[in-house]
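Please take a look at the sequence and the 3D structure shown here. This short report walks through a handful of its residues and the ligand.

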Amino acid sequence: MSQVIIVTGGSRGIGAATAILAAEGGYDVCINYKSDSSAADAVVAAITAVGQSGLSVQGDVANGNDVVRLFEVCNEKLGAPSGLVNNAGILPMQSRVAEMTSERLQHVFSVNITGCFLCAREAVKYMSTNSGGTGGSIVNLSSAAARLGSPHEFVDYAASKGAIDAFTIGLAKEVATEGIRVNAVRPGLIDTEIHASAGEPQRIDRLRSAIPMQREGSAEEVAQTILWLLSPSSSYTTGSFIEVSGGR
Ligand code: NAP
């Protein structure tokens, strides 16, 4: 029987690339998305096209009930997950800290931080050897922004990813004896639609020359790293961070 993984925000960008690569590698995949059901349907079609089982579940990762339901539906239809990719995340409109509203800050932190906590909480329930599970691997999407701080653009987003770094270290230590590994990837500038959502579709063009490798990364390049962290090939790696940023 195939192992089952859940990819939050799996309908587009890095999450979609991860879901499809995982299916090609023999996993059954449950993706989550927030609003774009046709994009989610296309990813599920790509998963089933390679002979694996696929499923999409709508839900907001910042909503506790939605997250509980995501894991229940996955468990019922595909089986208990042994992998979680905490990928869903938002990049807010570019702004200086001085102009950030409390509503904006709450939104960014609730999706990017609380969402990861809620999904990891449910994953641990299913995976932990303490509760009858067989262990698993959790991969969190941090960002190079956690190191760089993103001044004049989105310091709140960078801070949310800094929180994910601390979360990764703490949770990895907390569940290390329960068969669960917890790691993070820190992508740099990756070619997805997220930059347009921050109000600058040409952001990569502006910043490309600052990347040591002089090019943006692809969602597939990040997905390859995520898949390694999900797999038994990384069996002695936990509480670790992999930069996928072209040297930035
Ligand atoms: P993206 O192309 O904008 O895709 C975002 C995905 O997350 C979509 O599937 C979206 O679904 C889903 N999503 C958004 N809000 C959600 C919510 N509240 N609940 C559930 N799903 C939600 O993003 P991406 O560029 O692939 O980024 C993926 C992750 O990598 C994020 O955590 C991001 O911070 C991180 N990252 C990206 C880059 C980069 O340069 N692209 C760099 C560093 C880190 P809907 O379309 O249905 O809303």
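Start with Arg104, which is found in helix α4, residues 102–127. The model is a predicted one. Is Arg104 buried or exposed? Arg104 has a relative accessible area of 15%. Buried means under 20% relative accessible area, so Arg104 counts as buried.

What does the side chain of Arg104 reach? Its partner is the backbone oxygen of Met93, at 2.6 Å. Arg104 has other neighbours too. Set aside the residues within four places in sequence, and Arg104 is in contact with Pro92, Met93, Ser95, Glu153, Phe154 and Asp156. Met93 is therefore on the contact list of Arg104 and also supplies the backbone oxygen that the side chain reaches.

**The ligand**

Now turn to the ligand. How many residues surround the ligand? There are 32 of them. The closest are Ser11, Ser35, Asn87, Tyr157 and Thr192. Three polar partners of the ligand are set out below.

| Residue | Atom of the residue | Atom of the ligand | Distance |
|---|---|---|---|
| Ile14 | backbone N or O | oxygen | 2.8 Å |
| Asp36 | backbone N or O | oxygen | 2.8 Å |
| Thr192 | polar side-chain atom | oxygen | 2.5 Å |

Taken alone, the ligand exposes 910 Å². The protein buries 95% of that area. The ligand takes up the space of the largest pocket. Which elements give two or more residues to the shell around the ligand? They are helix α1 (13–24), strand β2 (28–33), helix α6 (155–174) and helix α7 (194–197).

**Inside helix α6**

Helix α6 also holds Thr168. Thr168 has 0% relative accessibility. Buried means under 20%, so Thr168 is buried. What is Thr168 in contact with, leaving aside neighbours within four places in sequence? Its contacts are Asn140, Val182, Asn183, Ala184, Gly239, Ser240 and Phe241.

**Three loop residues**

Next come residues in loops. Thr134 is found in the loop between α4 and β5 (136–141). Its relative accessible area is 77%. Exposed means over 50%, so Thr134 is exposed. Not counting residues up to four places away in sequence, Thr134 touches Met127 and Thr129.

His152 sits in another stretch, the loop between α5 (145–148) and α6. How far apart are Thr134 and His152 in space? They are 45 Å apart, C-alpha to C-alpha. In sequence, 18 residues separate Thr134 and His152.

His152 is exposed, because its relative accessibility is 61% and the cut-off is over 50%. His152 has a positive phi of about 70 degrees, although it is not a glycine.

Gln214 is found in the loop between α8 (203–207) and α9 (219–230). Gln214 also has a positive phi, near 60 degrees, and is a residue other than glycine. Is Gln214 buried, exposed or partly exposed? Its relative accessible area is 47%. That value lies between the cut-offs of 20% and 50%, so Gln214 is partly exposed.

**Looking back**

Go back to the structure and find these residues. Arg104 is buried in helix α4. Thr168 is buried in helix α6. Thr134 is exposed in its loop, and His152 is exposed in its loop. The ligand has 95% of its area buried by the protein.

Terms used. Residues are numbered from 1 along each chain as its sequence is written. This is a predicted model: local features need pLDDT of at least 70, side-chain atom pairs count only at pLDDT 80 or more; totals for chains, interfaces and linings use all residues. Side-chain values use heavy atoms; hydrogens and water are left out. Helices (H or I, at least four residues) and strands (E, at least two) are DSSP runs, numbered from the N terminus. Buried means under 20% relative accessible area, exposed over 50%, partly exposed in between (1.4 Å probe, protein chains only). A polar contact is a pair of N or O atoms within 3.5 Å; within protein, one must be able to donate a hydrogen and the other to accept it, and residues adjacent in sequence count only if both atoms are side-chain atoms. Contact means heavy atoms within 4.5 Å. A residue is near a molecule or strand if one of its heavy atoms lies within 4 Å of it. Accessible areas come from the Shrake-Rupley method with a 1.4 Å probe; for residues, only the protein chains shown count as cover. On a 1 Å grid over the protein atoms alone, a cavity is a set of points where a 1.4 Å probe fits but cannot get out, and a pocket is an open set with protein on both sides within 12 Å along at least five of seven lines; lining residues have an atom within 4 Å of a point. A molecule sits in a cavity or pocket if more than half of its atoms lie within 2 Å of its grid points.
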